[in-house]
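Please look at the sequence and the model together as you read, and find each named residue in both before moving on. The paragraphs below go from the whole chain to single helices, and then to the interior of the fold.

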Amino acid sequence: MFLQEACCSARRLHHVSHYSTFLRTQCQRSPVCVPTPAPAPLHSLPCSAWLYSTRRSFKKVLKSSLDCSVPPVSVTEIRQYLRSKDIPFHDGYSCLHTPSLFMERASGSDFTEKESFSLFVDKTTGRFLCKETLVEGSWEDFQDCVEVMQKERQGSLNPEVLLGYPDSETELNEKEMDRREVQRIWSSSVPLSDLLEDDAQLVKVMFGMGKVSSATLKKFGVRFFKPTKSLVLPWFSGRDSSLRGLKLLSADYKGEGQVIYKEVTFPKPGLYHNLFGLHLIGHKDTEVVLTGREVDTLAVSQATGLPSVALPRGVSCLPPVLLPFLEQFKRVTLWLGGDLRSWEASKIFARKLGLKRCFLIRPGEPQPCPGDALAKGMNLNKILKASIPAAHKSIISFRQLREDVFGELVNKEQVAGVKWSRFPELNKILKGHRKGELTVFTGPTGSGKTTFISESALDLCMQGVNTLWGSFEINNVRLAKIMLTQFSQQRLEENLDQYEEWADQFEELPLYFMTFHGQQNIKTVIDTMQHAVYLYDISHVVIDNLQFMMGQENLSVDKFAVQDHIIGTFRTFATGNSCHVTLIIHPRKEGDDKELQTASIFGTAKASQEADNVLILQEKKLVSSQGRRSLQVAKNRFDGDVGVFPLEFNKTSLTFSTPRSKTKLRKVKGDAAETPEKPVKPVKTLASAERSPAEEGTKKKK
């Protein structure tokens with residue numbers, strides 16, 4: 001499925017006169033909501049549903065391309081507009097606070113009190129949210145509302161003015177089914193205090209909260225759903241504590257003490273904007289602990305008494321729509337988990353929240369996640385006091401680095417990055433896919449560069465790596481068709497009856513597309529990438545390819561200098577945003593009988609110099625299909641390992657896979673860009689390793 005960017009509003013109106021008529025019409029209508037698909041039966045847990053509550057309508061978010069037609073607004077432009085309209089505001093950490101346009105003021109009152117500043121405008125995207133009425137919209141929607149208010153001399157607007165258009169009868173029936181399904185789950189679940197003592201303790205142990213008291217569970221409204229043996233974690237509105245959604249957490253035992261937890265949210269993940277525990281936050285609270293799991297929030301609240309909330313999707317994403325609910329806190333402690341991935345996410349989220357007020361808990365043996373710390377009887381208050389500020393003026397000695405160095409030594413597997421599941425040979429050389437790196441990928445024209453990279457990126461995306469595609473050569477529909485075929489591993493045109501099922505699963509992947517095609521200015525592309533990183537916490541960007549993005553214009557300018565500038569810009573972006581950038585570059589023209597090298601990359605040597613990894617898709621055009629293609633890792637800055645392994649193309653599923661019975665991995669220490677490759681003895685295959693010495697001798701005689 002393809003995501004429609006949140007800041008693009010389908011109800012944007014381009015003329016104030018038209019919008020004024022729309023306002024008057026909408027104020028006479030009853031509140032309506034926008035359609036959603038009907039939920040699957042409850043017992044099919046991978047499916048999800050929706051819940052609608054309050055008067056604010058939530059529009060279904062479609063996974064589509066990032067809309068690049070409207071440039072992002074800057075905070076300077078927002079401030080200038082507010083001043084020009086005489087709208088008072090004050091700076092927050094990530095938002096500008098203004099009076100609500102959707103609440104009537106008492107006679108004689110003004111906007112001097114801070115409490116009246118209940119509308120928040122995101123400094124980065126311009127989207128706004130009124131916490132009192134839950135009205136939200138784009139920056140263009142905000143401007144339209146202000147223009148109408150001032151033109152018609154109104155003091156406020158009806159909160160229902162930004163609701164969507166009326167639904168069809170079918171859509172209304174689907175929404176009603178959604179409401180009933182959610183209410184059925186909630187009414188059928190029982191508080192843990194209503195279970196037998198032994199059963200309640202068993203449930204607690206199953207979900208890793210053996211020491212969490214029944215009083216704490218009751219305080220947060222946690223329940224148990226017997227039909228699916230799932231923990232029910234409610235989403236209550238922070239405004240009126242009404243039920244907005246649910247998360248079902250189930251435990252699956254895999255043997256040897258390994259437990260895998262599965263989550264299903266209502267509504268579906270893209271719209272599940274919950275801060276678990278938000279309804280318990282008081283207006284005067286100034287400190288909060290932000291965790292990555294609901295169980296950790298329960299542990300923090302019970303052990304310390306401090307306000308604590310949990311992110312809806314753990315360490316994978318901090319949706320900007322939640323930032324207004326965190327504006328009131330002067331101190332935010334991020335305790336997202338006990339592994340290296342949580343530590344990296346803490347530093348990224350701290351940038352969104354404002355570095356000056358954020359404090360981080362460095363993971364390690366003495367500082368595990370809150371749930372584990374409570375289970376081990378550790379002092380959680382002591383761990384919180386040991387938190388470090390997110391903002392450092394400078395690092396002047398190894399003393400400030402030694403803990404980070406030790407953390408990388410202890411967690412070497414996590415430092416190596418996310419492993420590919422479809423390309424184990426690539427893991428042996430590159431060790432993993434790491435944030436903040438630049439990968440340059442090249443190969444002959446028509447060899448399958450886009451097809452290989454799409455499968456590689458899809459492999460990572462299926463493991464939770466938030467991915468943004470910038471396809472400048474082929475359109476997004478064709479690219480999506482390729483990736484969906486690789487995802488289902490079959491020709492869906494021959495199995496159209498399975499399309500909806502596979503499309504629904506593909507839709508849930510954290511995959512986004514830019515709408516660019518052909519030549520684009522590098523500043524526009526980088527701005528879009530920055531926007532996506534902020535909005536969706538993108539950690540992998542694919543640019544396909546550099547030559548199509550540069551185009552053929554401005555021939556009077558040195559094209560090599562332009563290319564070097566673009567590569568340097570991508571390098572800076574990757575490092576500054578802790579985001580992996582994969583850049584596809586066409587090679588120079590070489591003979592059909594020659595293998596490509598790092599020197600074959602089009603342009604100057606800057607591409608291979610700036611890159612952390614250089615991958616080359618080799619193709620022997622004069623050879624039959626068997627053994628025709630191979631992937632060469634020509635540079636690996638992480639640990640220096642380089643090598644090459646064969647690829648086999650499956651035309652039915654459009655996938656590359658290594659031949660399992662004849663895999664020959666050539667591995668060389670050092671940088672292939674600087675050291676010529678020496679012949680290395682092939683690794684023994686499984687078949688040869690299992691032969692007996694007698695069989696080997698017989699084979700030699702023959």
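Of the 702 residues in this protein, 52% are buried, and it should be kept in mind from the start that the model is a predicted one. The secondary structure comes to 22 helices and 26 strands. If we take the contacts between residues at least 6 apart in sequence, 68% of them join residues at least 24 apart.

Let us begin with individual helices, and ask which residues of α2 are buried. In this helix, which runs over residues 75-84, the buried residues include Ile78, Tyr81 and Leu82, and they lie on the same side of α2 because they cover an arc of only 100° around the axis. A general rule helps here: an α-helix has 3.6 residues a turn, so residues three or four places apart point the same way. The buried residues of α2 are covered by elements that include the strands β3 (95-98) and β4 (119-122) and the helix α3 (139-151), while the face turned away from the buried side carries the exposed residues Arg83 and Ser84. After α2 comes aspartate 86, which has a positive phi, near 55°.

Helix α5, made of residues 197-206, can be read in a similar manner, for its buried residues are Ala200, Val203, Lys204 and Met206. Seen down the axis of α5, these residues fall within an arc of 165°, so they line one face of the helix. On the other side of α5, the residues Glu197, Asp198, Leu202 and Val205 are exposed. Just after this helix, glycine 208 takes a positive phi of about 70°.

How many of the 11 residues of helix α7 are buried? This helix, residues 294-304, is mostly covered, with 9 of its residues buried, and among them are Glu294, Asp296, Leu298, Val300 and Thr304. Glycine 305, which follows α7, has a positive phi, near 75°.

We can now turn to the interior. In soluble globular proteins, nonpolar side chains tend to be buried together. The largest nonpolar core in this model has 37 residues, of which Met529, Ile538, Val541, Ile543, Met549 and Phe570 touch the most other members. Several elements give two or more residues to this core, including the strands β17 (438-442) and β20 (540-544) and the helices α17 (522-536), α18 (546-550) and α19 (559-577), and the largest share, 8 residues, comes from α17. A second, separate core of 35 residues includes Trp420, Phe423, Leu460 and Leu511.

Within the largest core, isoleucine 538 deserves a second look: leaving aside its neighbours within four places in sequence, this residue is in contact with Asn466, Thr467, Leu468, Tyr512, Ala532, Val533 and Cys579.

Finally, consider how α17 and α19 are placed against each other. Their axes come within 11 Å and cross at roughly 15°, and since an angle under 35 degrees counts as roughly parallel, the two helices α17 and α19 are therefore roughly parallel to each other. The crossing of α17 and α19 is right-handed. On the α17 side, the contact is made by Ile522, Ile526, Met529, Gln530 and Val533, and on the α19 side by His565, Ile566, Thr569, Phe570, Phe573 and Asn577. Two of these names, Met529 and Phe570, were met above among the core residues that touch the most other members.

Notes. Residues are numbered from 1 along each chain as its sequence is written. This is a predicted model: local features need pLDDT of at least 70, side-chain atom pairs count only at pLDDT 80 or more; totals for chains, interfaces and linings use all residues. Side-chain values use heavy atoms; hydrogens and water are left out. A nonpolar core is a set of buried Ala, Val, Leu, Ile, Met, Phe, Trp, Tyr and Cys residues joined through side-chain atoms within 4.5 Å. Buried means under 20% relative accessible area, exposed over 50%, partly exposed in between (1.4 Å probe, protein chains only). Helices (H or I, at least four residues) and strands (E, at least two) are DSSP runs, numbered from the N terminus. Contact means heavy atoms within 4.5 Å. The arc is that of the directions from the helix axis to the C-beta atoms. Axes are lines fitted to C-alpha atoms, for helices over the stretch in contact, and angles run from 0 to 180 degrees between N-to-C directions. Angles under 35 degrees count as roughly parallel, over 145 as roughly antiparallel, 65 to 115 as roughly perpendicular and the rest as oblique. A crossing is left-handed if the near helix is turned anticlockwise from the far one by less than a right angle, and right-handed if clockwise.
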